[in-house]
Structures are given as structure tokens and as C-alpha cells.
Amino acid sequence: MPQKANSTMRVKPRKGKKDRRIWKTPEQRRLERDAPQVIPMYKTQKELRLDEIQRWMDENLPPTGTPEWEALCTGCGKCCYDKVWEDDRLLLLTSACPQLEVETNRCRVYAERFEIEPLCLPIGPEIIEMGGLPEDCPYVENFPGYRGPKVVDKSLDEMQFIPESQLH
Ligand code: SF4
Ligand code: SF4
């Protein structure tokens, strides 16, 4: 990411709020009693993994959007280069996102990057889970067992793609 990383803020509940007692009217109690039962849902393995990564981020990185978070980015620009899947691992290619100014490693559309480039992802559990950041990126270099994309000396145009008809 050439300039700043994503800055989504999460809001924690205020202290003591969960202890507050809530008095309900008889009508509210009746509605609750007659409401259809909610079937308990369980998280998938991937969701659990994303939670685990988020916990690691909370404990090991500055809060997203703060100057300390932004300062971690060295501006190497590597995360803005094309990536494709090969089996279960991403390949990092030599061709860059069209919005990257390769001379300066700056994004031309930084403020609206997620609207303009649907493949542009914020730095967060999803991109870490898929191994989309290079291993020397400060956001993940201390993540235990992190495996980043494999560097390949080919551009997106040079990659051989399997025709969709052969995928099924
Ligand atoms: S790979 Fe990491 S350090 Fe390099 S530009 Fe992207 S976020 Fe910044
Ligand atoms: S839009 Fe492209 S150049 Fe800009 S941050 Fe996203 S991947 Fe990088």
C-alpha cells in the first residue's frame, strides 16, 4: 500500500453497560416468549481463523487508522501488484494495479480506491488469511507462521490461464 492502510474503526461497548438492568413491559415479554426460536449458528473454520487473526492484530498492531498504524507502511508498493492463485497459494506478479504510480509507489485514487478498484482490499484479517501481503510487510512480518505470496517473474499477461470450460 503506497500511502495509508485502511482505517476502519471498531467501537468497543462502554464499560458497565452490560450490567445495566432492563425492565420490560408485559407486552414485550409476551412478544419475546412467542417469537420463533432462533437456531444457534456456528462459525465456520474460516470465520474462526479470521477472528484469531483479528485478535492477533488487536494485540500486536496499533489500532487501525491511527498515525502509528499508518506509519508501519514503508510504501514499498508490493501489495499493489497483481496476484493470482496457484493451488492454495497466491503468486505475486510483476504487473501492477493500474492505479499504482510505479515510480513513486503511490496510489492515484487512494481516497476512493475501494470504489474504483474492486480487487483492492483493506489491510485486515481477510488479506492476511489469504497470504496477500509480502512476508517483509510490517503488518505481518511478526505474524506466527505467516506465508506470503510466492514471487514470480511474470506479468498478468504472461500467465497461462486455464480456460473456464476446463475448470468444470
Ligand atoms: S506491502 Fe506493506 S509496507 Fe508495502 S506498501 Fe503494502 S502495506 Fe505498505
Ligand atoms: S487501488 Fe491499486 S494502487 Fe491503489 S491501493 Fe489499491 S491496489 Fe494499490
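**Reading a predicted model, feature by feature**

Trainee: In which loop is the place of Ile123?

Mentor: Ile123 sits in the loop between α4 (113–116) and α5 (125–129). Please keep in mind throughout that this is a predicted model.

Trainee: Does Ile123 count as buried or exposed?

Mentor: The general idea is to count neighbours, and a residue is called buried if 20 or more other C-beta atoms lie within 10 Å of its own. Ile123 counts as buried because it has 25 C-beta neighbours inside 10 Å. One separation to look at in the structure is that from Ile123 to Val140, for although these two residues are 17 apart along the chain, their C-alpha atoms are separated by 9.9 Å.

Trainee: How much of the protein chain do buried residues make up, and what pattern does the chain follow along the sequence?

Mentor: Of the 168 residues in the protein chain, 12% are buried. The secondary structure comes to five helices and five strands, and reading along the sequence gives the pattern α-α-α-β-β-β-β-α-α-β. As for contacts between residues at least 6 apart in sequence, 60% of them join residues at least 24 apart.

Trainee: How should I read a helix, and what span should the 16 residues of helix α2 have?

Mentor: An α-helix has 3.6 residues a turn, so residues three or four places apart point the same way. For the span, helix α2 (residues 45–60) should cover 22 Å at 1.5 Å a residue, and this agrees with its end C-alpha atoms, which are 22 Å apart. As to its surroundings, the number of buried residues in α2 is one of 16, so the helix lies largely in the open.

Trainee: Turning to the strands, which of them form an open sheet, and in what order?

Mentor: The open sheet is formed by three strands in the order β1-β2-β5, with mixed pairing. β1 and β5 (150–151) are its edge strands, each pairing on one side only.

Trainee: How many bridges join β1 to β2, and how many join β2 to β5?

Mentor: β1 and β2 run antiparallel and are joined by five bridges, whereas β2 and β5 run parallel and are joined by two. To follow the antiparallel pair residue by residue, note that Tyr81 has Ala96 of β2 as its bridge partner, that Trp85 stands opposite Leu90 in β2, and that Glu86 is partnered by Arg89 of β2. In the parallel pair, Leu91 stands opposite Lys150 in β5.

Trainee: Which residues does Leu93 touch, leaving aside those up to four places away in sequence?

Mentor: Leu93, whose place is in strand β2, touches Tyr81, Asp82, Lys83, Val84, Val152, Lys154, Ser155, Leu156 and Met159 when residues up to four places away in sequence are not counted. Leu93 is also classed as buried, because it has 20 C-beta neighbours inside 10 Å. Met159 is 66 residues from Leu93 along the chain, yet their C-alpha atoms are separated by 9.0 Å.

Trainee: What is the phi of Asp87, and where is Asp87 found?

Mentor: As background, most residues other than glycine have a negative phi. Asp87, although not a glycine, has a positive phi of about 55°, and it is found in the loop between β1 (81–86) and β2 (89–96). Those two strands form a hairpin with two residues between them, and Asp87 is in the turn. With 5 C-beta neighbours inside 10 Å, Asp87 counts as exposed.

A second case is Asn105, again a residue other than glycine, with a positive phi near 60°. Asn105 lies in the loop between β3 (100–101) and β4 (106–107), and its 17 C-beta neighbours inside 10 Å place it in the partly exposed class.

Trainee: Finally, which residues come nearest to ligand 2, and what classes make up the shell around ligand 2?

Mentor: Ten residues surround ligand 2, and those that come nearest are Cys80, Cys97, Leu100, Cys107 and Cys120. Sorted by class, the shell around ligand 2 holds seven nonpolar, one polar and two charged residues; in this scheme Cys is counted as nonpolar.

Note on methods
Residues numbered from 1 in each chain as written. Chains lettered and ligands numbered in written order. Predicted model: local features only at pLDDT ≥ 70, side-chain atom pairs only at ≥ 80, totals over all residues. Helix = DSSP H or I, 4+ residues; strand = E, 2+ residues; numbered from the N terminus. Near = placed C-beta within 6 Å. Expected span 1.5 Å × (residues − 1). Contact = placed C-beta atoms within 7 Å. Pairing = 2+ DSSP bridges.
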